[in-house]
Amino acid sequence: MFSFEQATYKNILSVPSLTIHEKEITCIVGESGSGKTTLLRMLNHLISPDGGRITFQNRNLMDIDPVELRREVVMLPQTPVIFQGTIRDNLEAGLRFSEKGLPSEKELEKTLKKVNLLKALDVNAQNLSGGEKQRLALGRILLMEPKVLLLDEPSSALDDETESLIIQTFVDYAKAHHKTLVMVTHSKSLAKNFADRILQVRGGEVHEWNY
Ligand SMILES: Nc1ncnc2c1ncn2[C@@H]1O[C@H](COP(=O)(O)OP(=O)(O)OP(=O)(O)O)[C@@H](O)[C@H]1O
């Protein structure tokens, strides 16, 4: 689905050859600062390689309109983006951005239940806790129904229970809907539990980790 060909980024990453397969759960592990987030950001073209190329469904990422790409390849960053306004505004934001139709009231409420956010749609999103904001951002992504979900490890500000809930929700969703999930995690045991394949970033290189 994604293919790296001699792709390099500054002196941070050098990836001569790497394929990320469709409908698999790929976990990315590696020490802090090794380049895991950088790798994830390359997949939805938040940054582009300064050498070589990356393809998505056999098309060079450079040739794909970023709005079109991010309709299909959606990232949940370490610290979620929360917009001014209500929970409803925030749930609808992704669909507005990707120029998709807006969901019904019922769909919005169903999504809140899915991510275990038991709040009214008209609540001001700024007043939510860190974990609730993370779940709201997750709900926004689920509504977009992208082909590929990119999950950067939820910030360490979250308690373990909330973190595993978010990851579990992502994994269940990806499995049930045959989505491709690429997930950064510091936890090798978590990766072993969930991943079809584990990639390790180390010394600027990316290798398959066979445990
Ligand atoms: N745009 C950039 N320009 C220069 N250096 C950068 C840039 N982006 C990231 N870096 C550096 O590249 C390295 C890898 O960063 P990255 O965020 O990808 O690591 P990580 O493995 O995700 O770390 P963590 O587990 O701590 O989140 C770090 O040393 C970081 O400071």
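Seven helices and ten strands make up the secondary structure of this protein. Keep in mind as you look around that the model is predicted.

Start with the overall form. Along its principal axes, the C-alpha atoms fill a box of roughly 50 × 35 × 30 Å. The radius of gyration is 17 Å, and because a compact globule of 211 residues would come out near 17 Å, the two agree. Buried residues account for 38% of the 211. As for how the chain folds back on itself, take the contacts with a separation of 6 or more: 72% of them join residues 24 or more positions apart.

Now go to the beginning of the chain. Strand β1 (residues 2-9) runs antiparallel to strand β2 (residues 13-20), and the pair is held over seven bridges. One bridge to pick out on screen is that of S3, whose partner in β2 is T19. Three residues sit between the strands of this hairpin, and K10 there has a positive phi near 40°.

K10 turns up again at the ligand. The residues surrounding the ligand are K10, I12, G30, S32, G33, S34, G35, K36, T37 and T38. Sorted by type, that shell has one nonpolar residue, seven polar ones and two charged ones. Helix α1 (residues 36-43) gives the largest share of the shell, with three residues.

Next, the inside of the protein. The largest nonpolar core counts 52 residues, and the ones with the most contacts inside it are C27, I28, L149, L150, V182 and M183. Helix α5 brings the largest share of this core, six residues. V182 is a handy place to centre your view: apart from neighbours within four places in sequence, V182 is in contact with I20, T26, I28, L40, L43, V148 and L150. Two of the names on that list, I28 and L150, are also among the core residues with the most contacts.

Helix α5 also comes up in the last stop, helix α3. Which residues of α3 (residues 87-97) are buried? They are I87, N90, L91, E92 and G94. In an α-helix there are 3.6 residues to a turn, so residues three or four places apart point the same way. With that in mind, follow I87, N90 and G94 along the helix, each of them buried. The buried residues of α3 pack against α4 (105-114) and α5 (130-144). After α3 comes E99, which has a positive phi, near 60°.

Definitions and conventions
Residues numbered from 1 in each chain as written. Predicted model: local features only at pLDDT ≥ 70, side-chain atom pairs only at ≥ 80, totals over all residues. Buried ≥ 20, exposed ≤ 12 C-beta atoms within 10 Å, placed from the backbone. Helix = DSSP H or I, 4+ residues; strand = E, 2+ residues; numbered from the N terminus. Contact = placed C-beta atoms within 7 Å. Core = buried A, V, L, I, M, F, W, Y, C linked by C-beta atoms within 7 Å. Near = placed C-beta within 6 Å. Nonpolar A, V, L, I, M, F, W, Y, C, P; charged D, E, K, R; others polar. Rg over C-alpha atoms; globule rule 2.2 N^0.38 Å. Pairing = 2+ DSSP bridges.
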